[in-house]
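Student: I have the sequence and the model open. Please take me through one part of it closely, with enough of the surroundings that I can place it.

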Amino acid sequence: MRVLVVEDEPLIAQALREGLEAEGYAVDTSDRGDDGLWRATEVAYDAIILDLMLPGMNGFVVCREMRSRGITTPVMMLTAKDGEFDEAEGLDTGADDYVTKPFSLVVVLARLRALIRRGPTERPATLVAGDLVLDPAERTCRRGDTVVELTPREFSLLRYLMHRLGEPVSKRDLIDHVWADQEMEANVVQVYVGYLRRKIDEPFGRAAIETVRGHGYRLAADGG
Ligand code: CA
């Protein structure tokens, strides 16, 4: 079992490393959010312990970025007790658990074991773009506090666009990943994008799905 600890306070990082190693985990540490994100994309960890306040990039952003890149590693977020942490926001970014500092190492280890036991595959990552949130496990879509009803095909289309958040995605890619039908006409994609816009964008005065001329579409990373 390999665990990544992203924590900028050296004493806490060291205590976690020693505690985890004593339990037989292989441990990597990082003291910056951006570096932690990079490691998480390079190595398949079994779990990640992620501090919230970090130089480079805060823990919310690290977690959201990981999830938007399809990394489903369980994440335990460490937070201070001074109210900086909004539990709902933490869970929205795709964290699986959170522990308040100062913490007991015994508690962290027990909860980490539970997280790893649950594993990454039971609950696919929640995809987040600003206030647009897609939960593949529950097959729900929300824009802010509003639940948006999507057909299975619309859901699948949005899921793929969110998986490739901020990147231009060709119509061909969408056909391959959403319809898996080589014969399908590209204008069907256009029709479905229209349906999706009328559900996730227009009622909210937003424009998350951008047209990339001559290519396809891009889902705005900030949710439009
Ligand atoms: Ca910190």
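Tutor: This is a predicted model, and its protein chain contains 8 helices and 12 strands. The chain has a radius of gyration of 19 Å, close to the 17 Å that the globule rule gives for 224 residues, so it is as compact as a globular protein of that length. Along the principal axes, its C-alpha atoms fill a box of roughly 60 × 35 × 30 Å. Of the 224 residues, 44% are buried. Among contacts with a separation of 6 or more, 58% are between residues 24 or more positions apart.

The part to look at closely is strand E4, which covers residues 75-79. Is this strand mostly covered or mostly open? Strand E4 is mostly covered, since 5 of its 5 residues are buried. To see how the strand is arranged, take its side chains in order. In a regular strand the side chains alternate between the two faces of the sheet. In E4, Val 75, Met 77 and Thr 79 point one way, while Met 76 and Leu 78 point the other way. The residues on both sides are buried.

Next, consider what lies beside the strand. Strand E3, residues 47-51, pairs with E4 in the parallel sense, over 4 bridges. Within this pairing, Ile 48 stands opposite Val 75.

Val 75 also appears in the surroundings of Asp 97, a residue of strand E5. Leaving out residues up to four places away in sequence, Asp 97 touches Val 75, Met 76 and Met 77, and also Arg 111 and Leu 115. Is Asp 97 buried or exposed? Its relative accessible area is 14%, and the cut-off for buried is under 20%, so Asp 97 counts as buried. The C-alpha atoms of Asp 97 and Met 1 are 18 Å apart, with their positions 96 residues apart along the chain.

Met 77 leads to a second neighbour, Gly 59, in helix H3, which spans residues 59-68. Gly 59 has a relative accessible area of 0% and is buried. With residues up to four places away in sequence left out, Gly 59 touches Met 77 together with Leu 50, Asp 51, Leu 52 and Leu 54. From Gly 59 to Leu 109 the C-alpha distance is 20 Å, and the two are 50 residues apart in sequence.

Following E5 onward brings a point about the backbone. Strand E5 covers 97-100 and helix H5 covers 105-118, and Pro 102 lies in the loop between them. The peptide bond from Lys 101 to Pro 102 is cis, with omega near -5°. Most residues other than glycine have a negative phi, and most peptide bonds are trans.

For contrast, turn to another group of strands. Strand E11, residues 209-212, and strand E12 pair in the antiparallel sense over 4 bridges. There, Ile 209 has Leu 219 in E12 as its bridge partner. E11 and E12 form a hairpin with 3 residues between them, and Gly 214 in the turn has a positive phi of about 75°. Strand E12, residues 216-219, also pairs in the antiparallel sense with strand E10, residues 169-170, over 2 bridges. In that pairing, Gly 216 is the bridge partner of Ser 170.

One more residue shows the middle class of exposure. Val 188 sits in helix H8, residues 186-201. Val 188 has a relative accessible area of 25% and is partly exposed. Lys 171 is 17 residues from Val 188 in sequence, and their C-alpha atoms are 9.5 Å apart.

Last, the outside of the chain. The accessible surface comes to about 11000 Å², and carbon and sulfur atoms account for 48% of it. There are 28 positive and 39 negative side chains, and the centres of the two sets lie 4 Å apart.

To return to the strand you can now place: E4 has its 5 residues buried, pairs with E3 in the parallel sense, and includes Met 77, which is touched by both Asp 97 and Gly 59.

Key
Residues numbered from 1 in each chain as written. Predicted model: local features only at pLDDT ≥ 70, side-chain atom pairs only at ≥ 80, totals over all residues. Heavy atoms only, no water. Pairing = 2+ DSSP bridges. Rg over C-alpha atoms; globule rule 2.2 N^0.38 Å. Buried < 20%, exposed > 50% of the residue type's maximum accessible area, 1.4 Å probe, protein only. Contact = heavy atoms within 4.5 Å. Areas by Shrake-Rupley, 256 points an atom, 1.4 Å probe, with all protein chains shown as cover. Lys, Arg positive; Asp, Glu negative; His and termini not counted. Charge placed at Lys NZ, Arg CZ, Asp CG, Glu CD.
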